[in-house]
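Reader: I've got a new model open on my screen and I'd like to talk it through. Can we take it question by question?

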Amino acid sequence: MRQQVEEKGGVPCPIYLQPDLRERGFGDLELGPSTDYDKVWHYDATDPSHTKYGVESVSQVVKRVKHSIDLAERHYTDVDILMVSHGD
């Protein structure tokens, strides 16, 4: 991905890929219709630690995203940081 961006005109800053910013794991519902999200979101609203259908819990997602933010803040000071991710 980094090479593709640089070939398209360059970027004035380094680009780093952080696996912890991946989308939420949806377990048994992975690659199913987007209407299945409603099943999970129903439980999310009352229990952020649930793993029904084998999904990654909201609590787990928050923990790994926070880890990425903490890493960036430890490694970079006095600079702007742009973090991009995909979410459900």
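Reader: Leaving out residues up to four places away in sequence, which residues does D44 touch?
Author: This is a predicted model, so take what follows as read from a prediction. D44 sits in helix α2, which covers residues 37-44. Setting aside anything up to four places away in sequence, its contacts are R24, H50 and V58.

Reader: Is D44 buried or exposed?
Author: The cut-off for buried is under 20% relative accessible area. D44 comes in at 15% relative accessibility, so D44 counts as buried.

Reader: Let's move to S68. Which residues does S68 contact, leaving aside neighbours within four places in sequence?
Author: S68 belongs to helix α3. With a relative accessible area of 2%, S68 falls under the 20% limit and is therefore buried. Once the neighbours within four places are put aside, S68 is in contact with Q18, D20, L21 and M83.

Reader: D20 caught my eye there. What is the length of the polar contact that joins the side chains of H67 and D20?
Author: H67 is in helix α3, residues 58-75. H67 and D20 are 47 residues apart in sequence, yet their C-alpha atoms are 7.7 Å apart in space. Their side chains are joined by a polar contact, and its length is 2.9 Å.

Reader: And why does H67 count as partly exposed?
Author: Partly exposed is the band between buried, under 20%, and exposed, over 50%. H67 lands in that band because its relative accessibility is 39%.

Reader: Now the loops. What is the phi of L31?
Author: L31 lies in the loop between α1 (2-7) and α2. Exposed means over 50%, and at 84% relative accessibility L31 counts as exposed. Most residues other than glycine have a negative phi. L31 is not a glycine, but its phi is positive, near 65 degrees.

Reader: Which loop holds Y53?
Author: Y53 has a positive phi too, about 65 degrees, although Y53 is not a glycine. Its relative accessible area is 33%, so Y53 is partly exposed. As for its place in the chain, Y53 lies in the loop between α2 and α3.

Reader: I'm also curious about pockets. Which residues are closest to the centre of the largest pocket?
Author: The largest pocket holds about 780 Å³ of space. It is lined by 19 residues, and the closest to its centre are P14, I15, Y16, L82 and M83.

Reader: How many residues of that lining are nonpolar?
Author: Sort the lining of the largest pocket by residue type and you get three polar residues and one charged. The nonpolar group numbers 15.

Reader: Stepping back, what pattern does the protein chain follow along the sequence?
Author: There are three helices in the protein chain and zero strands. Reading along the sequence, the pattern is α-α-α.

Reader: What share of the contacts between residues at least 6 apart in sequence join residues at least 24 apart?
Author: H67 and D20, at 47 residues apart, give you a picture of a pair separated in sequence. Across the protein chain, among contacts between residues at least 6 apart, the share that joins residues at least 24 apart is 54%.

Reader: Last one: how much of the exposed area do carbon and sulfur atoms supply?
Author: Buried residues make up 18% of the 88 residues in the protein chain. The chain exposes about 6900 Å², and the part supplied by carbon and sulfur atoms is 55%.

Technical notes. Residues numbered from 1 in each chain as written. Predicted model: local features only at pLDDT ≥ 70, side-chain atom pairs only at ≥ 80, totals over all residues. Heavy atoms only, no water. Helix = DSSP H or I, 4+ residues; strand = E, 2+ residues; numbered from the N terminus. Buried < 20%, exposed > 50% of the residue type's maximum accessible area, 1.4 Å probe, protein only. Contact = heavy atoms within 4.5 Å. Areas by Shrake-Rupley, 256 points an atom, 1.4 Å probe, with all protein chains shown as cover. Polar contact = N/O pair within 3.5 Å; in protein donor to acceptor, adjacent residues only side chain to side chain. 1 Å grid on protein atoms, 1.4 Å probe; cavity = no way out; pocket = protein on both sides within 12 Å on 5 of 7 lines; lining within 4 Å. Points joined across faces, edges and corners; volume = space filled by probe spheres on them. Nonpolar A, V, L, I, M, F, W, Y, C, P; charged D, E, K, R; others polar.
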